[in-house]
Amino acid sequence: MNAEVLKSSLVGLLPIFEQEEANLTNLDREIGDGDHGVNMLRGFKAVSEKLSGDTVSDVLKSCGMTLMSAVGGASGPLYGFSFVKMAQVGHDEITSENIQDYFKAFKEAIETRGKVTKNEKTMYDVVSHVYEDLESGRIPSKEEVTQYALNTKEIMATKGRAAYFKEKSIGVVDPGAMSASYIINTLLEGVRS
Ligand code: ADP
Ligand code: MG
């Protein structure tokens with residue numbers, strides 16, 4: 001995936017977040033404040049208007065800075081910082097051989113910013129699971145990535161707003177895990193053969 005392909009992939013998240021806005025917002029209404037769909041849509045509208053860069057690193061950085069300034073809530077800084085950190089990986093193209101490096105940066109960025117570990121019912125559960133798959137030498141399928149997000153349903157939240165819902169957070173899929181699955185599948189799509 002070169003800079004041009006990456007750009008069109010990231011811009012291609014806009015129709016996905018348009019389609020999923022209500023779903024994400026409904027999930028966040030149940031275990032949060034009901035703004036995750038709106039936040040993500042605002043973010044990727046801004047990305048579709050402002051994304052720039054002639055190298056993979058510059059495109060990732062532009063995406064991160066745009067998400068940081070356009071998306072409110074907890075998820076904006078988390079995704080924004082993650083893309084900025086992925087920009088520092090520095091390969092000329094993203095390939096099936098090096099995509100693991102990008103997910104390492106993605107995972108570590110969320111760990112640092114979110115002070116989060118696995119099974120806290122967040123986007124981190126999806127990112128870290130995908131990183132582990134890549135580390136063991138395989139690219140998870142789209143369905144598997146979706147399943148990693150759906151698996152957050154049975155977890156009790158201990159981070160973010162959802163943590164205030166304690167036991168009541170069990171039985172609802174984490175909205176950030178769901179949005180992470182869309183972003184991740186877009187990145188993986190570019191290197192799946
Ligand atoms: P807010 O919670 O501020 O309203 P959003 O609704 O946009 O922000 O995003 C909520 C999502 O952010 C959650 O579903 C969860 O996946 C993620 N999240 C919240 N706090 C953390 C954290 N500390 N670490 C990782 N992810 C988090
Ligand atoms: Mg919210």
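Which helix gives the most to the lining of the second largest pocket? In this predicted model, the question is best approached by way of the ligand and the pocket around it, after which the second pocket can be read on its own terms.

Ligand 1 is surrounded by 21 residues, and those that come nearest are D33, N39, A74, S75 and D174. Two of these nearest residues also appear among the polar contacts: the side chain of S75 places an N or O atom 2.6 Å from an oxygen atom of ligand 1, while N39 has a polar side-chain atom 2.8 Å from an oxygen atom of the ligand. H36 adds a further contact, with a polar side-chain atom lying 2.9 Å from an oxygen atom of ligand 1. Taken alone, ligand 1 exposes 560 Å², of which the protein buries 92%.

The shell around ligand 1 draws two or more residues from each of helix 3 (36-50), helix 5 (75-87), helix 6 (99-114) and helix 9 (175-189), and the largest share, three residues, comes from helix 9. Sorted by class, this shell consists of seven nonpolar, eight polar and six charged residues.

The space that ligand 1 takes is the largest pocket, which holds about 500 Å³. Of the 24 residues lining this pocket, A74, S75, L78, G160 and R161 are the closest to its centre, so that A74 and S75 are named both here and among the residues nearest to the ligand. Helix 2 (13-31), helix 3, helix 5, helix 6 and helix 9 each give two or more residues to the lining of the largest pocket, and by class that lining has eight nonpolar, nine polar and seven charged residues.

The second largest pocket encloses about 180 Å³ of space. Its lining is made up of I16, K142, T146, M178, S181, Y182, N185, T186 and E189, and the elements that give two or more residues to it are helix 8 (142-150) and helix 9. By class, the lining of this second pocket has three nonpolar, four polar and two charged residues.

The opening question can now be answered: helix 9 gives the most to the lining of the second largest pocket, with six residues. Helix 9 also gives the largest share of the shell around ligand 1, and helix 9 is listed among the elements that contribute two or more residues to the lining of the largest pocket.

Key. Residues are numbered from 1 along each chain as its sequence is written. Chains are lettered from A and ligands numbered from 1 in the order in which they are written. This is a predicted model: local features need pLDDT of at least 70, side-chain atom pairs count only at pLDDT 80 or more; totals for chains, interfaces and linings use all residues. Side-chain values use heavy atoms; hydrogens and water are left out. A residue is near a molecule or strand if one of its heavy atoms lies within 4 Å of it. A polar contact is a pair of N or O atoms within 3.5 Å; within protein, one must be able to donate a hydrogen and the other to accept it, and residues adjacent in sequence count only if both atoms are side-chain atoms. Accessible areas come from the Shrake-Rupley method with a 1.4 Å probe; for residues, only the protein chains shown count as cover. On a 1 Å grid over the protein atoms alone, a cavity is a set of points where a 1.4 Å probe fits but cannot get out, and a pocket is an open set with protein on both sides within 12 Å along at least five of seven lines; lining residues have an atom within 4 Å of a point. A molecule sits in a cavity or pocket if more than half of its atoms lie within 2 Å of its grid points. Helices (H or I, at least four residues) and strands (E, at least two) are DSSP runs, numbered from the N terminus. Ala, Val, Leu, Ile, Met, Phe, Trp, Tyr, Cys and Pro count as nonpolar, Asp, Glu, Lys and Arg as charged, and the others, Gly among them, as polar. Grid points are joined across faces, edges and corners, and a volume is the space filled by probe spheres set on the points.
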